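Let's work through a protein model together, one small exercise at a time. Keep the picture open while you read, and try each task before you look at its solution.

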Amino acid sequence: MAASKSKPTGDIILYDLQHFGDGSKLLYASSDGIFLCDTKNLGIIGHYKDENRRGINRTAISCDSNRIVGTVVSREGGVNVWDVESRELLFHIPHNELRINWSDTGDTRRYSITFSPSDPDVFSTACWDGTVSVITITSTGNSSGNSFTHKTWAAHRDYKCDYHWVWCITFNTVGTELVSCADNGTAKWWDLKGNLITGLIKGENEIYSVAFNTDGTKLVIVGAEFTKCISFITGEELWKNSEGGSEVKCEPHGGRVAVLDWLSGPSLIRILDGEDGSVLKECVGPPEEEGNWFQSINFHPEGSYLMVGYSMGTIIKFNINQNESIEHFSVREVNEKIKGAKKWEEIGEYIGKVGPLSEEIQTIVKGIIDETV
């Protein structure tokens, strides 16, 4: 996952969308924790949060669908780990525990987190202090009493110890290696112990996002002023165009590439041909002055459907073959309808759809019930 913008006002800000492996459920990282949605009707069926009700700007699901991780929205940074079934917060990893040394003073914000596609106990996160961490969850805890071990290294710091913001990391398709990219125009290929295999790109403009195709033979890289595809076997550049973006996703079991771009003007989504990079379709989002924009994208695991998240909390299921929206769901719309309801009958259907409600909405609902009993 790559860059995102933050809306200055409003109840719920959407930051990130991630599918469960089978595509039946969708994780919705927001300013109010993580919501779990049913992909079929986009209704909310779960809510993951911590006692401080901190926002989560990036999320990931383990390959066995048993754990969820999320990066905390705060200057202090850190990572939360939840159990999917019980919704229990298993533990919080403070940023301080992932520092290389105690004298580090770099930016603590994190804009990328991803689970290994082959090991449900291993995930990776990157930080704006130029570091990348590979974290292993331990069932019994280590000698320090922690529930994890980690390997953290200075992935994007130069010889002057300048800190470069790491925007995105991704595992290869078998979970044995990582690719990271940063604001200094570099993309690098690592093993899981932090050993550099090779530098993939150097000297480009700021790079925001990277994604592998289904079989792991190609890597698509998107930066501020370009989108390119390279062979992950030979390192050869296969194609490049001059249209940049903030996030890229590759279609599962298909050849198309989706690029989200809100770097200039209204947000838009480009669907590219994965063979030559040509633009197949382009969808323009709402005018930015309306305070709403495309914030995150993710292909459904079966392909052809693209889930699109708007900053103000709406999720749209988009059929890219037919170029039409199938259905949508908005936490904000549901909340507003409940707030404006006068009778219990008017909000029953919305409660069934939204699942667990925030404390604010629970209070409003209780008031309505009290008035109608």
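## Exercise 1: Serine 267

Task: is serine 267 buried or exposed?

Solution. Step 1: with 2% relative accessibility, serine 267 counts as buried, where buried means under 20% relative accessible area, exposed over 50% and partly exposed in between (1.4 Å probe, protein chains only).

Step 2: place it. Serine 267 sits in the loop between strand S22 (256–261) and S23. Strands (E, at least two residues) and helices (H or I, at least four residues) are DSSP runs, numbered from the N terminus.

Step 3: look at its surroundings. Neighbours within four places in sequence aside, serine 267 is in contact with Asp261, Trp262, Cys283, Val284, Gly285, Pro286, Trp293 and Phe294; contact means heavy atoms within 4.5 Å.

Step 4: find where the side chain points. The side chain of serine 267 reaches the backbone nitrogen of phenylalanine 294 at 2.9 Å.

A note on the model before you go on: it is predicted, so local features need pLDDT of at least 70 and side-chain atom pairs count only at pLDDT 80 or more, while totals for chains, interfaces and linings use all residues. Residues are numbered from 1 along each chain as its sequence is written, and side-chain values use heavy atoms, with hydrogens and water left out.

## Exercise 2: Two more serines

Task: where do serine 62 and serine 246 lie, and what do their side chains reach?

Solution. Step 1: serine 62 belongs to the loop between strand S5 (56–61) and strand S6 (67–72). Its relative accessibility is 3%, so serine 62 counts as buried.

Step 2: the side chain of serine 62 comes to 3.2 Å from the backbone nitrogen of asparagine 66. Not counting residues up to four places away in sequence, serine 62 touches Arg67, Phe115 and Pro120.

Step 3: serine 246 is in the loop between strand S20 (237–241) and S21. At 0% relative accessibility, serine 246 counts as buried.

Step 4: the side chains of serine 246 and tryptophan 262 are joined by a polar contact of 3.3 Å. A polar contact is a pair of N or O atoms within 3.5 Å; within protein, one must be able to donate a hydrogen and the other to accept it, and residues adjacent in sequence count only if both atoms are side-chain atoms.

Step 5: serine 246 and valine 259 are 13 residues apart along the chain, and their C-alpha atoms are separated by 7.4 Å.

## Exercise 3: Strand S10 and its partners

Task: why is strand S10 (residues 122–126) described as largely enclosed?

Solution. Step 1: count the buried residues. In S10, 5 of the 5 residues are buried, so the strand is largely enclosed by the rest of the structure.

Step 2: consider the faces. In a regular strand, side chains alternate between the two faces of the sheet. On one side of S10, Val122, Ser124 and Ala126 are buried, and on the other Phe123 and Thr125 are buried too.

Step 3: find the partners. S9 and S10 pair in the antiparallel sense over 4 bridges (two strands pair if DSSP finds at least two bridges between them). Phenylalanine 115 has phenylalanine 123 as its bridge partner in S10, and a hairpin of 6 residues joins the two strands S9 and S10.

Step 4: turn to the next strand. S10 and strand S11 (residues 131–137) run antiparallel, joined by 5 bridges. Valine 122 stands opposite threonine 136 in S11. In this hairpin 4 residues lie between the strands S10 and S11, and glycine 130 takes a positive phi near 90 degrees.

## Exercise 4: The S1 hairpin

Task: how many bridges join S1 to strand S2 (residues 25–30)?

Solution. Step 1: 5 bridges join S1 and S2, which run antiparallel. Leucine 14 stands opposite serine 30 in S2.

Step 2: the hairpin of S1 and S2 has 5 residues between the strands, and glycine 23 in the turn has a positive phi of about 80 degrees.

Step 3: 6 of the 6 residues of S1 are buried, so S1 is largely enclosed by the rest of the structure.
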